[in-house]
Structures are given as C-alpha cells and as structure tokens.
Amino acid sequence: MRKTPALHKLALCTALLASSLTARANPVPPPNSDMDAPLFYQLLVGEMELRSGQPGVAFQVLLDAARRTGDEALFRRVVDIALQARAGDEALSAARAWRDAVPESIEAQQMTLQLVTLLNRPADATAPLRSLLALTPEDQRIAVLASLPRLFQRSPEPKKVLAAVEPVLQEQARLPSTKLMALLVNGRLASMAAEPARALELVRLAAQTAPDADEPPLLALELMQSSKEAESVVADHLAAHPDSHSLRQAYGRALARSQRSADAAREFRLVTQRSPELPSAWYALGALELDLHHPEAAELALNEFVKRIEQMPPSKDFDAKEALQQAWLQLAQAAEMRRDYKAAESWLAKVDNPQRATETQFRRASLLARQGKIEQARKLIQALPETSDAEGRAKLIAEAQLLRESQQWKLAYEVLEQANKRFEGDVDLIYEQSMAAEKLGRVDQMETLLRRVIELKPEHYHAYNALGYSLADRRERLPEARELIAKALQYAPNEPFIVDSMGWVEYRLGNHDAALKLLRQAYQSRPDAEIAAHLGELLWVTQQQDEARRVWAEGAKRDPSNEALRDTQQRLKAKP
C-alpha cells in the first residue's frame, strides 16, 4: 500500500527513535586525542609567543612540536609563520624537516621545491623534484612536469636551473608515459638558458617521439626568434598535417612578427582556402596584404571578414563591433592606397570607438596629407584630446609619422626632438629621431642616438641593424658594419630587413655570391621596394639585367614613390 505523507513522517520518526534507543544501550566512547599535556602546553606557548610579536620564538617552539609529532598540519603552520615573517631560510628549513619527518608527503616535496626556487637555489631543486615525481601518480606526472617552466621562469640563473633539473627530466624521458612532456620541458628550459642548439635538439626529439602532436612545432615557433633552423620543424609538421589550422595560424603570426609578411600571407591564404569559415584568418590575411601594398587583395580579404562577422550570432565572449571597427580602419587604409579618398572617408565615418580616436584621426590626417594639405593634417592630430602622458606620446608619434610619410624630414625631426625632451629615455622615440637625423644627412648625430638606444636597451636589434646598414651604405667601417648586423641577427635571425642589411654589407665587401643568397632570401620573405632596389642592383652589376628590371618593376608597383628604388635606377642608368 502506498504511504500517505503523514504515515511516512510517522515511520521516519519511529526509525529515528529506535536508532536513539540503540545508541543509548550501546554507547560509543568518544575518540581520545593523541595530544598529551606537554604537547598541549608547547602548542599553547608557541601560539602565545606568536601573538605577542615573537615569531622567531614561536617558529622554534612549534617546529620542535612538529618534528616530535610528524603532524603535517603543524609543519604547514610553521612554514606559514616563517613566510609571514619573510624568513625564507627558516621556511626552507621547516619544509626540509617536514620532508624528513613525512617522506611520503607530496605537499612537503612541493613546498620544498617552491621554496628553493623562491630563494634562487636551483642546485637544491633536484632532490625534491625527483621525490615529488616518484610520489605523484603516473597519470598526474605530466602536469607536474608542465608546471616547471613557469615555476622557474623568473630565476636569474636559468643555466643553473637547467643543470639541476635536466638529469631528472632525462630520467622521465626514458618512461613512455612522460617522455614527450619531459623532452618539451627540457627544451623550454634550454631555451630559457640561452642554449638554442640544445633546445632545438630536444624539440626535434619530441617531434620524432610524437609526430602527430602539435606541441613540438608550437615550441619550435618560440625558438624561431633565436634559431632559424627551428622553422623546419614547423614546416615539416605542416607538410605532413596540412589541416592543422591552429598551428598554421600561429606560424603565420610568428612570421608576421618577424616582418616576413609575404611568408605570413602565404600561410593565412592556405587557411582561408581550406577553412574559409574562420574569420580571424581573413582578417590576418587582409592586414598582411595591406602591409605588402596589395590594396585590392586586402580589400577582398577584409570584406570577407566583415561579411562573416556580420553573420555571426551574438556572443558575450566576442566583441563583434570592435572587430568590425578594426576592419573598417584597415579598409580605409586600403582605399587610401588606391587614392580613393571618398571611399576611405566613408569607412572612417563608421568608426565611433573613442579609444580609436587617435588612429581614426591619423587616417583622416593622412588623407589630407596625401592631397597636399599637410598643415591642416597636423592641426587635426594636434587637436586630439590629451588626458594622459600616453595620449600625449601617441599624438607626437602620430604627427612625426605623418611628416615622415610626407617626407617632411626636418619637421619630423623637430617633433621627435620635442617628444624626447618630454619623454626622456624613451628608446623608441630616440630611435625614430635617429632615423630622421639620417634622412637629414646628420650621420654623426644619428650614430650618437643609435648608440644611446643600444646603451638603454642592449637587445634593441633595430638599432644595431640601422647603424650597421648606415655604415655599409656609406661604405664606411665595413667590418664593424657586419659585426653590428650580425648582432642584430642574433636577436632576430630571419627578419627580412636585417637579412637584407647583411646582404648589402656583403655586396659592399665584394662577396657577391653570399650577398645574392641573402638578398634573395630577404626579398622572398618580404618583397619590399627598398629590398627590391638592393637585389636589383646586385643582379644588374652581375649581368642579370632582365631579372633586375623585373624585380625593380615589382618594387615600383608596390611603392611607386620609393626613393631608394628611384635613386638606384638613376645611379645605374638603368632604364625600365
């Protein structure tokens, strides 16, 4: 029979009463504490000392209690007391005591490893790391290994980190379940330790271990900045897995960061062909075609991006309006390149984001400057609001860029000089001023400014390249020029403009074969008009004049007003 709610409640009460009577008839004695009177007193004293502002005494009292009992909660408390008192050595001592007292504790190993890292004692990391991995269940060891690069990323001595951790990683690389991750982590740590050859060797081993995995080529992408051979790992993987679109897009972005716009456009073009539903690939392709001075191709890609964004359903995770405004700005620039100023203004009229006011007004100013209204263009930028130093800096940079594009070098120099007085020590502004000085023929001042950039930021490879190229172009101190450009290539081994500079200095030194190889490489990666001028000149003087004319024609099509290209053809008396 089905019980009514009242009957069900009565049954429940009866059951509870029966249970209570049973418990009274067979009472269960309460558990006794393991804490004896001396231990209770010791803990009480420790906590009282801490409350009275004596953390050192409290630490010693409670650490002794933790050692005697082996209680992990008590060890945790002692470590916390030391950390709060900023006593790193004492915290590490307590963690080590914890490891000794409870060797099977994963938390004790983790705490010790974290503390030796915090105290910059990489040599002491080997033992706790090995113990931690031994105690961690096999299916969780990959996560422990993956956390190591982040754990050590702020270490001031990455080579010592590599020396301490590599033996443990080699042990893990002998186990099938952790081999891939151990190789990848070892490669990343080698890269952090500025050992690119070792890092590349490990990445290649990882790629052989898991040929279908994207992780090895993704790490190779990071190594491309310091090792040009790393790119082959990515290229080989994409050749075998042409539909790895996320990797291909990451590769394209890496190429774009290295100023290899033609190579980057090739990769994004492949993505749009194989997966045309991906809006991000269309936008990237449009931006790259714009950088390559292909306005018609840029417009095709960007319009496709706009169409796909407008067809997307609303999403809280994606700001469609902001994406469209970025595309409209790019489309305005493409129309400007085609000298369709009316179309450019119509795109700019769509942009209503206040955060893009400087960019929008710069494009409007550029339209005016192209029509010869340079003063009106400058006033448009100068009228922008300035509520912070960042906005003031952006205005000065925009005005200087406008003047450079209009070849108003003296005015550009004056604006940058003003900017450097206001923002003293800004390496980017100093660099831009040096470029304006070079255009004005003030080569001594240019060199002084570039050496100041290098002093402030030794890894500023553009400064090494600019100084080396200037010396080579003037046929001065050619061995020093080569050294400077080689230094730049250490920081950016495949950057086309730097490769072009090295090709140019080799040409000046009379090494035509080496120069031709380098200039072809640079032009293939980025068919820029100035690189075309250099490659064309070398082809011309080595009796390859038909190819020289073809290269020059391609450069002129992209940038008809390029000075280097025009001057080269005039100097060589080379008719188109």
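Good morning. The protein exposes about 30300 Å² of surface, and carbon and sulfur atoms supply 52% of that area. I should state at once that this is a predicted model.

Let me begin with the overall architecture. The secondary structure amounts to 33 helices and zero strands. The radius of gyration is 33 Å, well over the 25 Å that the globule rule gives for 576 residues, so the protein is more spread out than a compact globule. Along its principal axes, the C-alpha trace spans about 115 × 70 × 55 Å. Of the 576 residues, 45% count as buried. As for contacts between residues at least 6 apart in sequence, 52% of them join residues at least 24 apart.

I turn now to charged side chains. Side chains of opposite charge can pair when their charged atoms come close. How many salt bridges does a search of the whole structure find? The search finds 50. One of them joins R121 and D89, whose side chains meet at 2.4 Å, N to O. R121 lies in the loop between α6 (106-118) and α7 (126-135), whereas D89 belongs to helix α5 (residues 88-101), so this pair ties together parts that are 32 residues apart in sequence. R121 is partly exposed, with a relative accessible area of 28%, and D89 is also partly exposed, at 44%.

The pair R96 and D124 involves these elements as well. Their salt bridge has its closest N and O atoms 3.2 Å apart. Here R96 lies in helix α5 and D124 in the loop between α6 and α7, so the pair ties together parts that are 28 residues apart in sequence. The relative accessible area of R96 is 33%, which makes R96 partly exposed; D124, at 32%, is partly exposed too.

Elsewhere, the side chains of E480 and R477 form a salt bridge at 2.9 Å, N to O. E480 is partly exposed at 26% relative accessible area, and R477 is partly exposed at 39%. There is also a network of salt bridges, which links E231, R248, R260, D263, R266 and E267.

Next, a polar residue. Is Q325, in helix α19 (residues 320-337), buried or exposed? Q325 counts as buried, at 2% relative accessibility. Its side chain makes a polar contact with the side chain of D352, at 2.5 Å. If neighbours within four places in sequence are left aside, Q325 is in contact with V351, D352 and N353.

Finally, the aromatic side chains. A search of the whole structure finds five aromatic pairs. One of these is formed by Y283 and F305: the pair is tilted, with 5.2 Å centre to centre and 55° between the planes. Y283 lies in helix α17 (residues 279-291) and F305 in helix α18 (residues 295-311), so the pair ties together parts that are 22 residues apart in sequence. F305 is buried, with a relative accessible area of 6%.

Why is the pair of W504 and Y507 described as tilted? The ring centres of W504 and Y507 are 5.0 Å apart and the planes stand at 40°, so the pair is tilted; the tilted class takes in angles that are neither under 30 degrees nor over 60. Both residues lie in helix α29 (residues 496-508), three residues apart, about one turn of the helix. W504 is buried at 2% relative accessibility, and Y507 is buried at 11%.

Thank you for your attention.

Technical notes. Residues are numbered from 1 along each chain as its sequence is written. This is a predicted model: local features need pLDDT of at least 70, side-chain atom pairs count only at pLDDT 80 or more; totals for chains, interfaces and linings use all residues. Side-chain values use heavy atoms; hydrogens and water are left out. A salt bridge is a side-chain nitrogen of Lys or Arg within 4 Å of a carboxyl oxygen of Asp or Glu. Helices (H or I, at least four residues) and strands (E, at least two) are DSSP runs, numbered from the N terminus. Buried means under 20% relative accessible area, exposed over 50%, partly exposed in between (1.4 Å probe, protein chains only). A polar contact is a pair of N or O atoms within 3.5 Å; within protein, one must be able to donate a hydrogen and the other to accept it, and residues adjacent in sequence count only if both atoms are side-chain atoms. Contact means heavy atoms within 4.5 Å. The radius of gyration is taken over C-alpha atoms; the globule rule is 2.2 Å times the number of residues to the power 0.38. Accessible areas come from the Shrake-Rupley method with a 1.4 Å probe; for residues, only the protein chains shown count as cover. Rings of Phe, Tyr and Trp (its six-membered ring) pair if their centres lie within 6.5 Å; planes under 30 degrees apart count as stacked, over 60 as edge-to-face and the rest as tilted.
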